[in-house]
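Biologist: I've just opened this one and could use a guided tour. Can we go through it in questions and answers?

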Amino acid sequence: MKALTGLVLAATALAAPALAVRGKPADDGITLTVAVDNVRVAKGVVHIDLCREEEFLKDCPISAETPAVHGRTVLVLHGLRPGTYAVEATLDENHNGKNDRALFGIPKEGVGFSNDAPIRLAPPRWKDAMFELHADKMIELKLRYFTGPRS
C-alpha cells in the first residue's frame with residue numbers, strides 16, 4: 001500500500017467516514033460496493049485494490065481504505081469504467097501501510113480476494129479472482145488469516 005490520493009470514493013465501515021482512494025477520477029461511472037467479511041478486529045484499516053489483469057498482485061491504480069469494523073467492513077467505489085477486474089483486500093491491523101509478513105512470506109494480517117479466490121501455497125490466479133463490471137455491482141469476500149488468533 002502506498003500513499004493514496006484522487007478518485008471519487010465513499011468508503012463506509014457501517015457509518016465510518018471515507019478515508020482515501022487513489023487513481024484517476026471518472027465522471028458518472030459505475031459504482032462497485034465491496035463487502036469485506038471476517039474482519040477479526042476493529043482496529044487498523046481495511047484496504048482494497050481494484051485491478052485489471054496486468055496489474056493484479058502488483059501496483060493497482062485504484063485503491064481505497066477505511067477504518068476496520070469487526071465482522072464486516074464495506075467500501076464503495078464510484079466513477080469506475082466497465083471492464084474485467086479483481087479485488088485484493090487486506091486488514092492492516094497496525095496501520096503501518098503494508099501487509100506484514102511472517103517466515104516464508106506468509107501474511108500475518110488478513111488477506112482476501114474477489115470470488116474468495118483460493119490461496120494454495122501461493123497467491124490466487126487471475127482467472128479465479130476476476131469478475132465483470134458493466135453496471136453497479138456489489139461483491140462480497142472473506143478475509144483469511146494464516147497466523148495469529150482465529151476469528
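**Bridges, burial and a disulfide**

Modeller: Let's begin with one residue: Arg72 has a relative accessible area of 27%, so it counts as partly exposed. Keep in mind that this is a predicted model.

Biologist: Which residue's side chain meets that of Arg72 in a salt bridge, and what parts does the pair tie together?

Modeller: The N to O distance in that salt bridge is 2.6 Å, and the partner of Arg72 is Glu140. Arg72 sits in strand E6 (residues 71–80) and Glu140 in strand E10 (residues 137–142), so the pair ties together parts that are 68 residues apart in sequence. The names you asked for, then, are Glu140, and strands E6 and E10.

Biologist: Is Glu140 buried or partly exposed?

Modeller: Buried would need a value under 20%. Glu140 has 45% relative accessibility, so the label is partly exposed.

Biologist: Which residues are linked with Arg72 in a network of salt bridges?

Modeller: Glu140 is one of them, as its salt bridge with Arg72 shows. The network also takes in an aspartate, so the residues linked with Arg72 are Glu140 and Asp37.

Biologist: How many salt bridges does a search of the whole structure find?

Modeller: We've met the one between Glu140 and Arg72, and another pairs Arg125 with Asp128, with the closest N and O atoms 3.2 Å apart. Arg125 is partly exposed at 48%. Searching the whole structure gives four.

Biologist: How far apart in sequence are the parts tied together by Arg40 and Glu93?

Modeller: Their side chains meet in a salt bridge, 2.8 Å from N to O. Arg40 is in the loop between strands E3 (30–39) and E4 (45–51), while Glu93 is in the loop between strands E7 (83–92) and E8 (111–113), so the separation is 53 residues.

Biologist: Are Arg40 and Glu93 buried or exposed?

Modeller: The cut-off for buried is under 20%. Arg40 comes in at 11% and Glu93 at 15%. That makes Arg40 buried, and Glu93 also buried.

Biologist: What is the handedness of the disulfide between Cys51 and Cys60?

Modeller: The sulfurs of Cys51 and Cys60 are 1.8 Å apart, and both cysteines are buried. The torsion about their S-S bond is about 85°, so the disulfide is right-handed.

Biologist: Over which residues does pLDDT stay under 50?

Modeller: The chain's mean pLDDT is 83, with 79% of residues reaching 70 or more. The stretch under 50 has 86 contacts beyond four places in sequence in the model, and it covers residues 1–26.

Key. Residues numbered from 1 in each chain as written. Predicted model: local features only at pLDDT ≥ 70, side-chain atom pairs only at ≥ 80, totals over all residues. Heavy atoms only, no water. pLDDT = per-residue confidence, 0-100. Contact = heavy atoms within 4.5 Å. Disulfide = S-S within 2.5 Å. Buried < 20%, exposed > 50% of the residue type's maximum accessible area, 1.4 Å probe, protein only. Helix = DSSP H or I, 4+ residues; strand = E, 2+ residues; numbered from the N terminus.
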